[in-house]
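Biologist: Before we discuss contacts, please put the model up, and then let us go through its surface and its side-chain pairs one at a time.

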Amino acid sequence: MKSLPKEFRTFFWLITLSAVLVMGYSLYHTTWSLGQTLNLLIFVALAIASESMPVALPKGGYVTVSYSIFFASSVLFPLGMALCVAVFAGASVVGKAGKDQPLFKRVFNASQFVLSLWTAGLVIQAFGVNTYQLSLGSVTVYLASALTFIIVNVTVVALALGFLSGTSPWSIWVSNIRGCMLNFAALAPLGLLMSMIFFSAGIFGLLLFAIPLLLARHSFQRYIDMRDNYFKTIQALVRAIEAKDTYTEGHSTRVAEYSVAIAEELGLKDDLVEGIRYTAILHDVGKIGISEAILNKREKLADSEWEAIRNHPVIGEKIVKDIDFLYDIHLGVRHHHERYDGKGYPDGLKGEEIPLVARVIAVADSFDAMTSDRTYRRGKNVSEALAELRRVAGTQLDQTAVEAFIKVYPQLDINWKTLHGGSDQLGVTAQPALSGSK
């Protein structure tokens with residue numbers, strides 16, 4: 001814990017102490033019976049099993065199918081008992097998932113589950129649904145309670161991850177809430193159905209839910225795997241392209257890193273940020289149609305060779321434009337060498353005629369070009385490159401995007417050595433001009 005950021009440690013103790021108080025108060029006001037306790041143990045066992053099979057989310061954190069069990073327990077049992085399910089589920093993870101969870105993470109997960117479920121339980125109590133009911137009004141209350149749990153849960157996790165990583169909790173929240181809402185849409189009705197079956201058929205009916213719970217978990221894992229494989233396929237394609245031009249190895253990855261940082265600083269919607277990431281990764285895909293002799297030429301390029309280089313955005317657009325699931329990124333690929341003053345290529349677009357995705361990538365691309373060594377020149381250090389961005393803002397580059405990058409760049413300095421293959425963050429050299437680069 002001592003090695004963790006101070007902000008996270010403070011937040012950790014705030015969440016933990018709050019959960020302890022909530023748990024103590026709820027248990028004190030709960031009346032226990034032997035029958036309910038035995039039934040509760042079944043819910044605890046199912047919840048622990050579910051938490052032991054997590055599905056990782058794109059920006060940190062994870063989801064499981066245990067929410068349907070939490071939801072059902074909050075419908076069927078007094079709030080103090082339902083919170084016991086949450087505590088044991090968070091603190092008693094087993095198997096591979098358990099090996100990856102230090103004590104502080106188990107405590108934090110148990111605490112945030114307690115607070116999320118307690119808040120959701122307050123919704124049920126506020127509308128006077130004190131026992132299991134099946135009517136339109138009670139079902140509406142149950143679903144409102146389920147939505148409350150999801151929102152509180154994602155908010156607490158996003159704040160924690162933000163404090164741990166130093167990134168924007170809002171960005172994490174927006175990214176993860178989409179996945180969680182998909183999870184919610186599947187698991188909230190399943191949890192309500194689980195409570196109905198248990199109420200009418202008892203514990204044996206509940207055990208039948210092991211299979212649908214596993215199927216729900218499998219479906220969500222497949223969705224996350226598809227996203228991951230999709231991105232890895234794109235990265236593999238880009239690595240194949242960069243293998244032709246050894247002096248730009250890692251360029252597209254760095255441009256993607258910078259572009260996403262700009263997009264998030266501009267407050268763009270998560271879908272657009274994701275589209276910008278894919279566009280940035282593929283922005284130079286058209287170089288696959290350019291001769292290696294031209295790409296790696298040490299001498300000054302002939303006019304015909306320069307025209308071939310200038311044609312790579314058009315080639316890239318042709319490669320990606322018919323792939324429906326790549327959004328409209330072909331526009332970003334085609335126009336990332338346009339200039340804000342209209343003197344760029346291939347179409348000479350000017351100002352906001354240039355798609356926003358292309359304007360963002362142009363800033364990231366220019367910075368990385370200036371801070372990367374090539375065969376024919378040494379380049380600028382970081383301070384010089386940022387000063388050059390300021391100089392051309394409003395002429396070659398979108399001023400708003402430049403200002404966003406300059407503001408957010410200090411947060412990316414820590415990744416410089418990783419992104420640039422070990423170069424010192426203030427000693428990297430690169431080409432001196434934004435225009436005229438390959």
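Biologist: Which residues form a nonpolar patch on the surface, and about how much accessible area do they have together?

Modeller: This is a predicted model, in which local features need pLDDT of at least 70 and side-chain atom pairs count only at pLDDT 80 or more, while totals for chains, interfaces and linings use all residues. Residues are numbered from 1 along each chain as its sequence is written, and side-chain values use heavy atoms, with hydrogens and water left out. A patch is made of residues with over 30% relative accessible area and no salt bridge, like charges being joined within 9 Å and nonpolar side chains (Val, Leu, Ile, Met, Phe, Trp, Tyr) within 5 Å; areas come from the Shrake-Rupley method with a 1.4 Å probe, and for residues only the protein chains shown count as cover. The patch consists of Leu34, Leu38 and Leu41, with a joint accessible area of about 330 Å².

Biologist: In which helix is Leu41 found?

Modeller: Helices (H or I, at least four residues) and strands (E, at least two) are DSSP runs, numbered from the N terminus. On that basis Leu41 belongs to residues 34-51, helix H2.

Biologist: What kind of aromatic pair do Tyr258 and Phe367 form?

Modeller: Rings of Phe, Tyr and Trp (its six-membered ring) pair if their centres lie within 6.5 Å, and planes under 30 degrees apart count as stacked, over 60 as edge-to-face and the rest as tilted. The search of the whole structure finds 16 aromatic pairs. For Tyr258 and Phe367 the centres are 5.4 Å apart with 85 degrees between the planes, so the pair is edge-to-face.

Biologist: Are Tyr258 and Phe367 buried or exposed?

Modeller: Buried means under 20% relative accessible area, exposed over 50%, and partly exposed in between (1.4 Å probe, protein chains only). By this criterion Tyr258 and Phe367 are both buried.

Biologist: How far apart are the closest N and O atoms of Arg254 and Asp368?

Modeller: A salt bridge is a side-chain nitrogen of Lys or Arg within 4 Å of a carboxyl oxygen of Asp or Glu, and the structure holds 9 of them. Arg254 is buried, as is Asp368. In the salt bridge between Arg254 and Asp368, the closest N and O atoms lie at 2.6 Å.

Biologist: Which residues are linked with Arg334 in a network of salt bridges?

Modeller: Arg334 and Glu317 meet through their side chains at 2.7 Å, N to O, and both Arg334 and Glu317 are buried. The network links Arg334 with Glu317 and Asp347.
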